[in-house]
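Q: Please take a close look at one part of this model. I would like the packing and strand pairing around a single helix, set in its wider context.

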Amino acid sequence: MAEDMKKVLIADDSRVAAHLLTEIVEGIERCKVVGAARTGEESVEMYKELMPDLVTMDLSMPGMGGMEAIRQIIAADPAAKIVVVSSMGGAQDTLLEALEAGALSVISKPFDEQKATAVFRKLLGLL
Amino acid sequence: MVPKFFGQYLLEREILTSRQLVEAINYQRSKVLKLGEIALSKGFLTEKDVAKIHNEQKRTDMMFGELAVRMKMLTEEQLQEILTIQQNSHIYLGEAIVARGFLTLEELEKYLEGFKKEQILVPPIEVMIAEEIENKETMTVTVDMTCKMLRRIGDMLSKTGQLRYEDKAAKNLGVIATLDFKGDVSSRYMLNCSWNVAHQVARKTFKNEELPFDMELIADTIGEFVNVTCGNVRAKMLELGKRLEIEPPSTHMDSRTPEMALDKKEQAVIVPVYTPIGELEVALIERK
């Protein structure tokens, strides 16, 4: 992979959501999805292994779930860039908890592709 | 467009940073008076009573007001009175943002106007459940959100039919997706979808009118549709003062699960939904 390629890890138990997010990410120049985790545990392990530039994190996943995964990733790497992409993102309590856990932004499902692209680009420094 | 709250609107537009938003929400929360403090100021409880209730709370994990009534320290009327006072002590997020100095009042008014304009694009609740049923509010929000998502994701208009009860099994119309609600509402959401409707949702989700009829992929899409719908139901219920948690969905195709059997102690409240290309059912399965 080219050195200046940005690596993105997608954590979502839905294959459909993961597919849609992959299309958005890979539609951005110099961006590549390097892994797809389907549980919170997997996302933490894959983060440590792949050290991606950005993680898209669903919250409602089997196992520990996305919120705990955010905390564990941030504990391992306080500079980790995580954006929550979740159907629960529209609720104030979820948004607050995710931001306090260390997520940088929250996108609610169903998401608007243009807005999602803009958020990903900004967090990856590709503006 | 899905309803969202003002804070998310400001965050999306980078008007506030995530840190500023967290600080403003926490400031907003700190301004809400505690029920114990209000009950003390009204003379309904002594400090000793409040301490007793707090101790009991640690053991039972119940809400302060509910527990105070159960312990016969407050009457229902007194609880209602202090809840009203608490409600009135609430400040809006915008006020908290201005108080913390993140926006001026003029800026706040300008952004609020933009936010309101965007919210007007959200269709008003169109589903009315006429029948008197338990959990009517949850059922109304659930059916309404399903219809909104059918329009938003599946590009389908829909209308609801006559509500009915089922206590043995639900015949699978094609693909069934279920998702458990926990918390203040304890029930199971069920979407029972004909293949025609399910295929249309998948075509629109993938923005591919030629999407092949792949049953596994379509069932997965319905699972995600239910996940998105219920996440938005959760946000709406929270606005109405009810907290519910959602579990990941599971899907069942008619070839493997011709009908969804109910436990002897369960009952399904079913609302049929009709679209121009096929039917579906939205149900809440509850303990009898």
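A: What follows starts at one helix of chain B and works outward to its partners.

The model is predicted. The helix is H10(B), residues 195–205. Its buried residues are B:Val197, B:Ala198, B:His199, B:Gln200, B:Val201, B:Ala202 and B:Thr205. After H10(B) comes B:Lys207, with a positive phi near 50 degrees.

What do the buried residues of H10(B) pack against? Within chain B, the partners are strands E4 (174–183), E5 (187–194), E9 (266–275) and E10 (278–287), along with helix H11 (215–239). From chain A, helix H1 is a partner too.

Take the chain A side next. H1(A) spans residues 15–26. It is one of the elements that give two or more residues to the side of chain A that touches chain B. The others are helix H4 (92–101) and strand E5 (105–108) of chain A. H4(A) supplies the largest share, six residues. The contact takes 26 residues from chain A and 29 residues from chain B. By class, the chain A side has 12 nonpolar, eight polar and six charged residues.

Now H11(B). This helix gives the most to the largest nonpolar core, with 11 residues. That core has 99 residues. Among those with the most contacts inside it are B:Ile222 and B:Leu191 from chain B, and A:Val55, A:Met57 and A:Val83 from chain A. In soluble globular proteins, nonpolar side chains tend to be buried together.

B:Ile222 links back to the helix we began with. Setting aside residues up to four places away in sequence, B:Ile222 touches B:Ala198 and B:Val201, both of which are buried residues of H10(B). Its other contacts are B:Val175, B:Ala177, B:Leu191, B:Cys193 and B:Thr251. A second, separate core has seven residues, including B:Leu35, B:Leu45, B:Ile53 and B:Ile82.

Last, the strands. E9(B) and E10(B) pair antiparallel over 10 bridges. A hairpin of two residues joins them. Across this pairing, B:Val273 stands opposite B:Leu280.

E9(B) has further partners. Strand E1(B), residues 159–160, runs antiparallel to E9(B) and is joined to it by two bridges. There, B:Thr160 has B:Val273 as its bridge partner. Strand E2(B), residues 164–166, pairs with E9(B) over three bridges, again antiparallel. In that pairing, B:Glu166 has B:Ala268 as its bridge partner. B:Val273 thus has a place in two pairings, with B:Thr160 and with B:Leu280.

Methods
Residues numbered from 1 in each chain as written. Chains lettered and ligands numbered in written order. Predicted model: local features only at pLDDT ≥ 70, side-chain atom pairs only at ≥ 80, totals over all residues. Contact = placed C-beta atoms within 7 Å. Helix = DSSP H or I, 4+ residues; strand = E, 2+ residues; numbered from the N terminus. Nonpolar A, V, L, I, M, F, W, Y, C, P; charged D, E, K, R; others polar. Buried ≥ 20, exposed ≤ 12 C-beta atoms within 10 Å, placed from the backbone. Core = buried A, V, L, I, M, F, W, Y, C linked by C-beta atoms within 7 Å. Pairing = 2+ DSSP bridges.
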